[in-house]
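This briefing is meant for a reader meeting the structure for the first time. Please look over the sequence and the model before reading the notes that follow.

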Amino acid sequence: MTKAAVRLSADGLTVRFGAVEAIAELAVAAPAGRVLAVLGRNASGKSTLLRCLAGVLTPTAGTVALDGRPLKDWPRAGRASRLGYLAQQPQLAGGFTVAESVAFGGHAVGGVAASAVGEALATVGLEPLADRPFGDLSVGQRQRAAMARVLVQVGADGVMILDEPFAAQDPGEVDRLIRVVRARAAEGAAVIAAVHDATVAHAIADDVLLLDGGRVCFAGAAGDGLSPDRLGRLFGLDFVAGPSGPTPRFGLGIMPSDDSA
Amino acid sequence: MVVLLGLLGLQALLVPLIGCADEPGPERTTGLGIASLSPAMTTIVRDLGAGDRLVGRTPWCRGVDDLPVVGALDGVDAEVLVGLRPGVVVHQPPAAGTDPVLLALRERVGFTIVGGRLDGSDDVIAAIDALSAAGIGDDSLVARHRTAMERVRSAAAESRDDARSVLVLFALDPFAAAGRETYLDEVVRAAGGRNVTTRPGWIELSVEEVVGLHPEVVLLVSSDVSAVDTLGAIPWTVPPAVVALDGAEALEPSTRMPDLVERVESLLAGAGM
Amino acid sequence: MSGSSRTPRIPSARGRGGIVGLFLIAAIAAGCRLLLGRGIDADGGATTVVGLPEAVLLEIRVSTILAAATAGAALGLSGLAFQTLLRNPLASPWVLGVSSGAGFGLMLAMWLARLGGGAAMVGGMLLAGAGIPASAIGALLAISIVWMLSRRLGGFDPVGLVLCGVVTSATFGAGIMLLQHLVPSGVRGDLVGWMMGRIPELAPRWLLAVAGGSVGLVTIIGWRASSMLDAASLGDDEARSIGVPLEAMRRWLLVLGGGLAAIAVVLVGPIAFVGLLAPHAGRRLTGAGHRGVVLGTVLAGASMLLVADAVRQVVDLGGGRLPVGVLTALVGGPAFLGLLLQGRGRA
């Protein structure tokens, strides 16, 4: 890969919920083979941005294009097989099993091979739970099951929109998911992931987008974006450089913070 | 899919059964029995001397408790009706028209349907004539009841301006009164009274309206004794005389209307100051 | 991707077993109803008789069986559509006030038809076809109100939905009473029987054909759309992202559910609980996939009304047969409360 093609791009994205402006005038580009981490405080518009990019929320203004073609012009199946979305809180009603939930990834193309479902479940470490009801899973397990569904859905070089799949995982599973995402990117996938944890962002991202109040405060290479200084200003908290990226220093109360987590 | 086909198959099996049942059996005969779907019609049939021909009733028919129920609020019990093989079905059709199930059954079983709305003496006389035309009733009883009904009709037609004003209440919570063009209105007029209400039909009244009508007599069509207390609690300007007309026949527009007239006449006379 | 080894599509073995079981129950109930009837004993009283009857009675029974099975299936499918539409296990035509809405539509058309002039023409048109147009309009109005409220409020929890349905139902009930107040008193009694719910013993054949055809058509649509319905069990955003046309699907659910509720109301009146319980029975017995659930719901709904109608042939407490609505409510009421408790326990 020399000059990676932009798979997913957005321009002028604005979303208003009534009088509240969730995001304003955002521009995003996700090239093949790269992982873009979106960071920001709670309610900074990360999820809203990701929902627009995944095509499940229609923006008030602005456009999203997949492979150069506006999302709304894509046929359903073609779009679904190229663009996958992992929601922050995956839900599944009814008594479907974990394996069935993963197989839904192939809905738009008329089904999916059982072997692919098994493979995807193994990749996220859920193979032993394949036949358990989805409703029995913990939040972290549900997110991994949804991750497996996305893997089945979009194929190796697809575009994956992941809304914070790391926060509810134990460190071993965080590591597994990071490796899954990096492996996909290495195969040519374009990934956009909302991330809370700077060390996770450090491990996963090629590029970062820092959001504050629905606006971009930084967009660029991860090395530049993930500086203790920038993160400190973004989160209102002191960060120090550590061996695995910038690390917050909790409990010191350096800066007044109202709603930061 | 297989099950769906099975279902359709079942339907396919059953539908021809409907088809082949189209022609009624040739040996089928309908009897002389009368199935009644109306308490008032039951009373008329019995008064005409044909009570022993009744074979089916409603849960509210009087004096025929041993008979099977052929119709209730949720409609006709088709199988019981067919099983009774009635020659005649008597009913009071609702304003919307005769129950289509009854018409469909008539088409298949071949009984005669007799009946109409019963809102006054005219309707009762018409019912007597229709029953008599269908061969129901003893001729002398038919003639007697017809004459009695005609007397009620002509007595009601003689309006007297000096007649005492009567409020006919058949329910107190809320107050419900018999208005003009009801059989109870006719009974009151025939008995020498004057209905204080002016609207037609069965009327709901407020306490103020009841007071404001200034009736001289309140005729209670009820056997509920506590009703009298309720009426006593009303702040009348001039308290009316309260008389009660009890008995279920008072609630039926039937050949009992002449009896009702007589009873109301004596009640009104007894209520004289 | 190969077409050879796709993930096992539902119904699973358990689902097939459930469907066969439900089919047997429905068939046995229909068989019992075919053999159970009412006859006259030696004393001239009504009694329960067992056995195949003469042709006229056979026609009555077959017609009743078809009406009961069709209405039960229509109520069940309508309930399933509403439960899927609102993502709520307590949704059903009766709970949501859709049955009341259909009844209101019927009453309104009857009232219009009495007015004379242009209103009478409109009323007459709405009452064409046993009043299916009138009741369909009322049913669609009711479900649209509930649906819009649900959208505005960001969805209902089960109990909130029941409250909304109670209010919708009471409002349409008040409308029915208002119209009854406006029509001549003689007409008021006409609707009492209808309000109690009854299974017509000799429904017009075209009505049975229309109702049966509609149920069959919706069953086939549900069967063919089952994988979409399955995928729509995901959260809204996730379902959209995998290519489920949620908005279009919901429009169809609303229209088909409302239409079937209207047909059921025209056929048997506002019978409670069958529309609520049939989808649950279908799910319990056939598993999660909608391919099984759709069929299971059809069979469960048909079975419920068939069993209720068979039971009422043998229960006569002196006032004739029990109204079928009384039976379904006596069984359905406690079952509904059970579902409510179960939902609370899970939450």
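In this predicted model, the side chain of C:Glu238 makes a polar contact with the side chain of A:Arg149, at 3.1 Å. The notes below begin with C:Glu238 and its surroundings, and then turn to the nonpolar cores and to chain B.

**C:Glu238 and its surroundings**
- C:Glu238 belongs to helix 11 of chain C, which covers residues 236-241.
- Because its relative accessibility is 2%, and buried means under 20%, C:Glu238 counts as buried.
- When neighbours within four places in sequence are left aside, C:Glu238 is in contact with A:Tyr85, A:Ala87, A:Gln89, A:Pro90, A:Gln91, A:Ala146 and A:Arg149.

**Nonpolar cores**
- The largest nonpolar core has 93 residues, and those with the most contacts inside it are A:Leu39, A:Leu121, A:Met147 and C:Leu96.
- Helix 5 of chain A, residues 139-154, gives this core its largest share, which amounts to eight residues.
- A second core, separate from the largest one, has 46 residues and includes B:Leu54, B:Leu67, B:Tyr183 and B:Ala271.
- Not counting residues up to four places away in sequence, C:Leu96 touches several residues of chain C, among them C:Phe82, C:Leu86, C:Ile143, C:Val146 and C:Leu161.

**Chain B**
- Chain B contains 10 helices and 12 strands, and 48% of its 273 residues count as buried.
- Of the contacts in chain B between residues at least 6 apart in sequence, 61% join residues at least 24 apart.
- The area that chain B exposes is about 12,300 Å², of which carbon and sulfur atoms supply 54%.

How values were computed:
Residues numbered from 1 in each chain as written. Chains lettered and ligands numbered in written order. Predicted model: local features only at pLDDT ≥ 70, side-chain atom pairs only at ≥ 80, totals over all residues. Heavy atoms only, no water. Core = buried A, V, L, I, M, F, W, Y, C linked by side-chain atoms within 4.5 Å. Buried < 20%, exposed > 50% of the residue type's maximum accessible area, 1.4 Å probe, protein only. Helix = DSSP H or I, 4+ residues; strand = E, 2+ residues; numbered from the N terminus. Contact = heavy atoms within 4.5 Å. Areas by Shrake-Rupley, 256 points an atom, 1.4 Å probe, with all protein chains shown as cover. Polar contact = N/O pair within 3.5 Å; in protein donor to acceptor, adjacent residues only side chain to side chain.
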